[in-house]
Amino acid sequence: MDVYEKLQKSLAAVRGITDFKPKLALVLGSGLGAFGDRVKSICSIPYAEIDGFPVSTVQGHQGRFIFCMVGTVPIVVMQGRVHYYEGYDMQDVVLPIRLMKLMGAEELILTNAAGGINRSFVPGDLMQVTGHISTFVPSPLRGANVEELGVRFPDMSAVYDKDWLEEISAIGQRVGVPLKRGVYVQTPGPNYETPEEIRMFETLGADAVGMSTACEAIAARHMGMRVAAISCISNMAAGISKQPLSHQEVKETADKTGPRFEKLLEAVIKQKKQS
Ligand code: HPA
């Protein structure tokens, strides 16, 4: 089944359950799952119920779409995302992003947990993604171009919307959640990086490293979505801190940062009604 066929099949499955039309899509990264539990869900669909959807076999990664209102803004939330390291093709990894656009979402907020490369960062910092390096993972646009979605050679010179970035930064200040800024580099995972790789990424100009987001942002820009991304610096990357990395540490810091992150997201989404 080709990409577009799969997408249409998934869309039909969703439309068989709800005709909810989100304005904005939100992908929740590690530590932010609680945001999905806290919103007043109008409808939710486990990924496993959607035909053609890449469903994770990895424990703890089952997820669902949640359709809800935040203030007056209709949104679709991805509680749990699909990662490349689970073994899917990149085209499958970004299917949910494309699907949310086809549901109606014109704007996308991506969140994630990431390792801090920039030495001025500390675990618990929130970083607005100003740009990314995706060169170390395959492009989600590889293969026949789906003309219905976007052009063959899409421009990527401004993936993360600059006006929105400034707006979010101002909202952060207003609600007492200060934000750092930086460049995100995506690795294939699932292993964390070696100190040598991190040194290379530092030389390349990356401030944070993670295993998601850049590919999703590419697929979203291909379709003309307005994109913002925010990383929770859950740990310092390998070699920056002398401590060995553990998923446990990543999860604990991300969980601790959750309430601050949620406060910011809620304010950012509610702001949408004015624009
Ligand atoms: N490296 C890659 N991905 C991550 C990290 C990291 O240090 N922390 C959280 N996600």
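**Figure 1. Helix α4 in the predicted model, a mostly covered helix.** Buried residues of α4 are Leu95, Pro96, Ile97, Arg98, Leu99, Met100, Lys101 and Met103. That makes eight of the nine residues in this helix, which spans residues 95–103. The buried set includes Arg98 and Lys101. Gly104 follows α4. Its phi is positive, near 135°.

**Figure 2. Met100 and the largest nonpolar core.** This core has 60 residues. Phe65, Phe67, Met100, Met103 and Leu108 touch the most other members. Met100 and Met103 are also among the buried residues of α4. Which residues does Met100 touch, not counting those up to four places away in sequence? They are Ala25, Val27, Phe65, Val76, Met78, Ala105 and Leu108. Phe65 and Leu108 thus appear in the contact list of Met100 and among the core members that touch the most others. A second, separate core holds 30 residues, including Leu24, Ile109, Ala267 and Val268. In soluble globular proteins, nonpolar side chains tend to be buried together.

**Figure 3. The ligand and its surroundings.** Twelve names line this view: Ala113, Ala114, Gly115, Tyr192, Glu193, Val209, Gly210, Met211, Ser234, Asn235, Leu245 and Val250 surround the ligand. Three polar approaches involve ligand nitrogen, listed here one by one.

- Ala113: a polar backbone atom is 3.3 Å from a nitrogen atom of the ligand.
- Gly115: a polar backbone atom is 3.3 Å from a nitrogen atom of the ligand.
- Asn235: a polar side-chain atom lies 2.7 Å from a nitrogen atom of the ligand.

**Figure 4. Val209, a buried residue beside the ligand.** Val209 belongs to strand β8, residues 208–210. Is Val209 buried or exposed? Val209 is buried, because its relative accessible area is 4%, and the cut-off for burial is under 20%. Beyond four places in sequence, Val209 touches Ala114, Gly115, Ile117, Tyr184, Val185, Thr187, Glu193, Ile198, Phe201 and Ala237. Among these contacts, Ala114, Gly115 and Glu193 also help surround the ligand. Leu165 sits 44 residues from Val209 in sequence. Their C-alpha atoms are 19 Å apart in space.

**Figure 5. Val129 in strand β6.** The strand covers residues 126–133. Val129 counts as buried, at 0% relative accessibility. Its contacts, leaving aside neighbours within four places in sequence, are Tyr160, Leu165, Gly182, Tyr184, Ala229, Ile230 and Ser231. Tyr184 is in contact with Val129 and is also touched by Val209. Val183 is 54 residues from Val129 along the chain. The C-alpha atoms of the two are separated by 5.7 Å.

**Figure 6. Two backbone details in loops.** The peptide bond from Gly189 to Pro190 is cis. Its omega is near 0°. Pro190 is placed in the loop between β7 (180–186) and α6 (195–204). Thr213 lies in another stretch, the loop between β8 and α7 (214–222). Thr213 is not a glycine, yet its phi is positive, about 65°. What is the relative accessible area of Thr213? The value is 0%, so Thr213 is buried.

**Figure 7. Helix α8 and its bend at Gly258.** α8 runs over residues 247–271 and has 25 residues. From first C-alpha to last, α8 reaches 34 Å. That is close to the 36 Å expected at 1.5 Å a residue. Where does α8 bend? The bend is at Gly258, by about 45°. A proline, Pro259, follows within four residues.

**Figure 8. Ala267 in helix α8.** Ala267 is buried, with a relative accessible area of 15%. It belongs to the second, separate core, alongside Leu24, Ile109 and Val268 among others. Not counting residues up to four places away in sequence, Ala267 touches Ile171 and Val175. Gly172 is 95 residues from Ala267 along the chain. Their C-alpha atoms are separated by 8.3 Å.

Conventions
Residues are numbered from 1 along each chain as its sequence is written. This is a predicted model: local features need pLDDT of at least 70, side-chain atom pairs count only at pLDDT 80 or more; totals for chains, interfaces and linings use all residues. Side-chain values use heavy atoms; hydrogens and water are left out. The expected span of a helix is 1.5 Å times one less than its number of residues. The bend at a residue is the angle between axes fitted to the seven residues ending there and the seven starting there. A nonpolar core is a set of buried Ala, Val, Leu, Ile, Met, Phe, Trp, Tyr and Cys residues joined through side-chain atoms within 4.5 Å. Buried means under 20% relative accessible area, exposed over 50%, partly exposed in between (1.4 Å probe, protein chains only). Contact means heavy atoms within 4.5 Å. A residue is near a molecule or strand if one of its heavy atoms lies within 4 Å of it. A polar contact is a pair of N or O atoms within 3.5 Å; within protein, one must be able to donate a hydrogen and the other to accept it, and residues adjacent in sequence count only if both atoms are side-chain atoms.
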